[in-house]
Amino acid sequence: LLFLLLTNSMFIRGYLLSTPELSYTGINSIAPADKLVYYSMIEHGRQGHIWMKNLHTSEPQNGALFSPHWWFIGQLASSFNLSVPTSYHLARLGLEVVFLMVLFSWVKRLWSVWWERIIAFFMTLFASGFGWWYLWLQPQIIDEPGRYFTTLPIDLYVTEALAFTNASQSPLFILTHILILAILYLMVGGIDRYDWRRQGLIWLLSFILITIHPYDFFIIAPLAFIWYFWQWSEGKDFIYRKAATHGLAMLAAALVVLWGVWREPALAGWASQNLVYSPPLATYLFGFGLLVPLWLVGVWYLRRRLSPWLLPIWLWSIIGWMLIYLPTVINRRFANAWGIAIALIAAQGLIFLCRKISFWPIRLSLAMAVLATLTVGSGLNVTLNWMSAPATLGDRKSYVETSLVQMIETIKSVSTPSDVFLTNNTEVSWLIPAFS
């Protein structure tokens with residue numbers, strides 16, 4: 001409940017600041033333009049489209065972006081007569097609950113003692129790095145775009161890396177966290193038998209994951225390969241059928257994505273400009289903060305104690321350091337959900353250190369000091385969003401004048417899908433496709 005409250009508090013604050021003259025759009029200050037594109041796709045879904053376009057351009061498009069998640073949210077919005085922002089946040093909240101359930105399923109498998117489960121669950125949900133410290137020392141960095149993405153610790157802007165920052169963003173990234181964890185969970189759970197229903201679910205979830213967020217192919221594919229290779233080395237039955245069906249699912253999803261890029265010139269042009277390089281290593285080390293030394297302890301401690309449930313998380317936490325520096329222009333994308341693996345192994349490290357202390361008051365003090373340090377950044381994140389909310393009243397991505405809302409509704413009622421609208425205001429040009 002605390003996690004849900006804190007990750008939604010900024011939106012509650014934003015709604016409370018709205019007035020009869022200004023309507024709150026439900027968009028926060030991190031990548032607001034992205035959220036407007038997502039709103040546009042939910043509107044696609046309301047109108048029954050599952051193959052979508054990027055309407056924030058006047059280029060002609062065929063509609064080759066396969067988006068079952070936005071279609072589903074749009075259909076719910078249509079069925080229950082919900083606005084796009086309302087359906088967006090209800091979907092985000094619902095997926096947060098599912099994420100908590102899936103993550104706790106992992107925690108129950110990795111720990112059997114109640115206090116260890118609490119530490120691991122709390123660490124994974126609320127952990128942050130030292131970005132808050134860096135920002136406090138150099139607040140001017142926010143106004144220097146040239147240095148923003150090369151010097152800021154990643155916990156300040158790579159929101160998809162950590163559970164807490166990701167939960168206050170879009171349904172898309174929460175869903176990818178759920179899918180990655182669920183796929184790995186199903187793979188490990190079926191280690192001793194071949195169940196066609198389980199394999200079919202793995203196939204389906206992998207297909208959805210890669211089609212809605214293609215970058216995650218580079219996360220789930222190597223993890224699956226290593227996992228199946230390990231099963232083969234252990235002489236497990238049915239390994240070839242498991243690997244083949246899973247591999248075909250991932251290949252089919254990749255082909256759908258490549259077909260869309262080939263068929264859609266606008267999408268291909270966007271992909272060629274999608275430069276998302278990983279920043280220097282120091283930004284990750286500072287961004288994960290105290291998780292890093294605890295992770296090192298956990299990796300060392302578990303090296304000869306790896307159960308089938310620990311192995312994929314342990315491997316993911318290690319190969320993530322290689323994935324983020326693969327020779328590709330999109331390598332930063334491979335940090336998606338990686339902080340969850342880092343935090344789970346770091347929790348193993350902290351619990352190992354706590355077990356070494358026999359005097360319980362000292363053990364409790366160590367655990368509380370570490371957890372407090374890890375959560376300072378998440379607490380500051382909430383505080384800053386509350387403090388900065390009034391300033392966004394002048395930002396049309398967050399608050400829209402009633403007259404502008406009426407204008408967009410008029411556009412929606414009199415236009416056709418083939419119409420192109422040109423405006424002399426950038427903010428209005430983002431809002432029209434998002435709401436019409």
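The following legends describe close-up views of a predicted model.

**Figure 1. Helix 19 and its buried face.** Helix 19 comprises residues 402–414, 13 residues in total. From the first C-alpha to the last, helix 19 reaches 19 Å, close to the 18 Å expected at 1.5 Å a residue. The buried residues of this helix are L404, I408 and I411. Viewed down the axis of helix 19, these buried residues fall within an arc of 55 degrees, so they line one face of the helix. They pack against strand 4 (399–401) and helix 20 (426–435). On the other side of helix 19, the residues S403, Q406, S413 and V414 are exposed.

**Figure 2. The salt-bridge network of E43, R46 and K412.** The structure holds five salt bridges, and this view shows the ones centred on E43. Side chains of opposite charge can pair when their charged atoms come close. R46 forms a salt bridge with E43, in which the closest N and O atoms are 3.6 Å apart. Both R46 and E43 belong to helix 2 (residues 32–46), where they are three residues apart, about one turn of the helix. E43 also meets the side chain of K412 in a salt bridge, at 3.1 Å from N to O. Because E43 lies in helix 2 and K412 in helix 19, this pair ties together parts that are 369 residues apart in sequence. The three residues can also be described by their accessibility. E43 is buried, with a relative accessible area of 5%. R46 is partly exposed, its relative accessible area being 23%. K412 is likewise partly exposed, at 30%.

**Figure 3. The salt bridge between E116 and R355.** The closest N and O atoms of E116 and R355 are 2.7 Å apart. E116 lies in helix 5 (residues 114–126) and R355 in helix 17 (residues 338–355), so the pair ties together parts that are 239 residues apart in sequence. E116 has a relative accessibility of 4% and therefore counts as buried. R355, at 41% relative accessibility, counts as partly exposed.

**Figure 4. The aromatic pair of Y24 and Y399.** A search of the whole structure finds 30 aromatic pairs. Among them is the tilted pair of Y24 and Y399, with 5.2 Å centre to centre and 40 degrees between the planes. Y24 lies in strand 1 (residues 22–24) and Y399 in strand 4, so the pair ties together parts that are 375 residues apart in sequence. Y24 counts as buried at 18% relative accessibility, because buried means under 20%. Y399 also counts as buried, with a relative accessibility of 1%.

**Figure 5. The stacked aromatic pair of F225 and F229.** A pair of aromatic rings is described by the distance of the centres and the angle of the planes. For F225 and F229, the centres are 6.5 Å apart and the planes are 20 degrees apart, and the pair is stacked. The two residues are four residues apart in helix 11 (residues 217–233), and are therefore separated by about one helical turn. F225 counts as exposed, at 60% relative accessibility. F229 counts as partly exposed, at 48%.

**Figure 6. The surroundings of I318 and an aromatic cluster that includes W295.** I318 lies in helix 16 (residues 310–323). With a relative accessibility of 25%, I318 counts as partly exposed. Leaving aside neighbours within four places in sequence, I318 is in contact with W295 and V299. W295 is itself a member of one aromatic cluster, formed by Y284, F288, W295, W321, Y325 and W338. I318 and P171 are 27 Å apart in space, C-alpha to C-alpha, and 147 residues apart in sequence.

**Figure 7. The surroundings of H89 in helix 4.** H89 lies in helix 4, which runs over residues 84–110. At 15% relative accessibility, H89 counts as buried. A polar contact of 3.3 Å joins its side chain to that of R92. When neighbours within four places in sequence are left aside, H89 is in contact with F11, G26 and Y39.

Conventions
Residues numbered from 1 in each chain as written. Predicted model: local features only at pLDDT ≥ 70, side-chain atom pairs only at ≥ 80, totals over all residues. Heavy atoms only, no water. Buried < 20%, exposed > 50% of the residue type's maximum accessible area, 1.4 Å probe, protein only. Polar contact = N/O pair within 3.5 Å; in protein donor to acceptor, adjacent residues only side chain to side chain. Contact = heavy atoms within 4.5 Å. Expected span 1.5 Å × (residues − 1). Arc of directions from axis to C-beta. Salt bridge = Lys/Arg side-chain N within 4 Å of Asp/Glu carboxyl O. Phe/Tyr/Trp six-rings, centres within 6.5 Å; stacked < 30°, edge-to-face > 60°.
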